[in-house]
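Subject: The structure you asked about

Hi there,

Here is the structure for you to open alongside this message. Have a look around first, and then read on for what I found in it.

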Amino acid sequence: MTSIQANLIHELLRVKNFISPPRKELVLEKERAQLDGYSRIFKSLVELKNQPVEVDGIPGEWITPPQVESRRAILYLHGGYFMFGSIKSHRNLAGNIAAAARARALIIDYRLAPEYPFPAGLEDALSAYQWLLAQDIQPSRSPCRRLSRGGLVLSVLLALRERGMALPAAGVCLSPATNLNLSREGWESNTKKDLMVNRYLAEQIQPMYLGGIDPCDPLVSPIFGDLHGLPPLLIQVGSNEVLLSDCECFAGMPAGVV
């Protein structure tokens, strides 16, 4: 059952798309400002304490809800298809997840394309994870020492395994972009249903983010990766999202997905 807030956001997006149909031309600053603006309607469910912090040179913020269990932490990597999103746009969502997990959440402003194409955002996320370990936050003592958000989480997990680094206890992926080929059936069947992801813009974003990298590289399209040895993953995606079929295909892959 969806919450009142979720229903409100859904209706606002539906009305917005009716009044102003999705654009076919990317206007970067307008898209970024629009996503940041959603923070005005997506409210935290509890009182949060927000503390700015520099994470190995990357702007970050500790988000602490009430009744946090000692030394539990979440590294929250915001969504936005690698070009949009910020601490501001996702602060309250990160805080709500942290409150449910009774953990602190560290959210960072990792570098975005097109100014900083792949692998800049991935390297920032890896740096933030290493910074957490340096704070004596051990990766496996609690299931709440985890990575959270979208496709970047999966890329980080694959990169950590490749580098032989300690993995977190779990990964939580909310509507992850698992395949930058943009070729799955969901992009066709749900294009008119998805109120958030615009296929026309996604097709323009993809080459800007990749910067010449093969879209089948597992670090940009985890659906082509080997999941062996990864921690348990939770994937959540809506039935009307264009990412649905890619997420279903990814979830059907062997090794460690729950």
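Let me begin with the strands. Strand 1 (residues 49-55) pairs with strand 2 in the antiparallel sense, over 7 bridges. Please keep in mind that this is a predicted model. Within that pairing, Glu 54 stands opposite Pro 59 of strand 2. The two strands form a hairpin with 2 residues between them, and Asp 56 there takes a positive phi near 55°.

Strand 2 (residues 58-64) has 5 of its 7 residues buried, so the rest of the structure largely encloses it. Strand 2 also runs antiparallel to strand 4, with 4 bridges joining the two. In this second pairing, Trp 62 stands opposite Leu 106 of strand 4. Trp 62 has a charged companion as well: the charged end of Arg 104 sits over its ring, 3.8 Å from the centre. A similar arrangement involves Arg 111, whose charged end sits over the ring of Tyr 116, 5.7 Å from the centre.

Further along the chain, strand 6 (residues 170-174) and strand 7 pair in the parallel sense, over 4 bridges. Here Leu 174 has Gln 236 in strand 7 as its bridge partner. In a regular strand, side chains alternate between the two faces of the sheet. Strand 7 (residues 233-236) has Leu 233 and Ile 235 on a covered face, while Leu 234 and Gln 236 are on the uncovered one.

Now to the aromatic residues, which I think you will enjoy. How many aromatic pairs are there? The count comes to 4. In one of them, the ring centres of Phe 82 and Tyr 209 are 4.1 Å apart and the planes are at 10°, so this pair is stacked. The pair links distant parts of the chain, 127 residues apart: Phe 82 is in the loop between strand 3 (73-77) and helix 3 (87-101), and Tyr 209 is in helix 7 (residues 199-210). Are these two residues buried or exposed? Both Phe 82 and Tyr 209 are buried.

Tyr 209 has another partner in Phe 118: their ring centres are 6.0 Å apart with the planes at 70°, so that pair is edge-to-face. Phe 118 lies in the loop between strand 4 (104-108) and helix 4, so its pairing with Tyr 209 in helix 7 ties together parts that are 91 residues apart in sequence. Phe 118 counts as buried at 12% relative accessibility, and Tyr 209 is buried with a relative accessible area of 5%. Together, Tyr 81, Phe 82, Phe 118 and Tyr 209 form one aromatic cluster.

Helix 4 deserves a look too. Why can it be called largely enclosed by the rest of the structure? The reason is that 11 of its 15 residues are buried, among them Leu 122, Asp 124, Tyr 129 and Trp 131. The end C-alpha atoms of helix 4 (residues 120-134) are 21 Å apart, which agrees with the 21 Å that its 15 residues should span at 1.5 Å a residue. Asp 136, which follows the helix, has a positive phi near 65°.

Finally, the overall picture. The chain has 8 helices and 7 strands, and buried residues make up 51% of its 258 residues. Of the contacts with a separation of 6 or more, 76% are between residues 24 or more positions apart. The accessible surface comes to about 12400 Å², and 54% of that belongs to carbon and sulfur atoms.

Best wishes

Note on methods. Residues are numbered from 1 along each chain as its sequence is written. This is a predicted model: local features need pLDDT of at least 70, side-chain atom pairs count only at pLDDT 80 or more; totals for chains, interfaces and linings use all residues. Side-chain values use heavy atoms; hydrogens and water are left out. Buried means under 20% relative accessible area, exposed over 50%, partly exposed in between (1.4 Å probe, protein chains only). Two strands pair if DSSP finds at least two bridges between them. Contact means heavy atoms within 4.5 Å. Accessible areas come from the Shrake-Rupley method with a 1.4 Å probe; for residues, only the protein chains shown count as cover. The expected span of a helix is 1.5 Å times one less than its number of residues. Rings of Phe, Tyr and Trp (its six-membered ring) pair if their centres lie within 6.5 Å; planes under 30 degrees apart count as stacked, over 60 as edge-to-face and the rest as tilted. A charge sits over a ring if NZ of Lys or CZ of Arg is within 6 Å of the ring centre and within 35 degrees of the ring normal.
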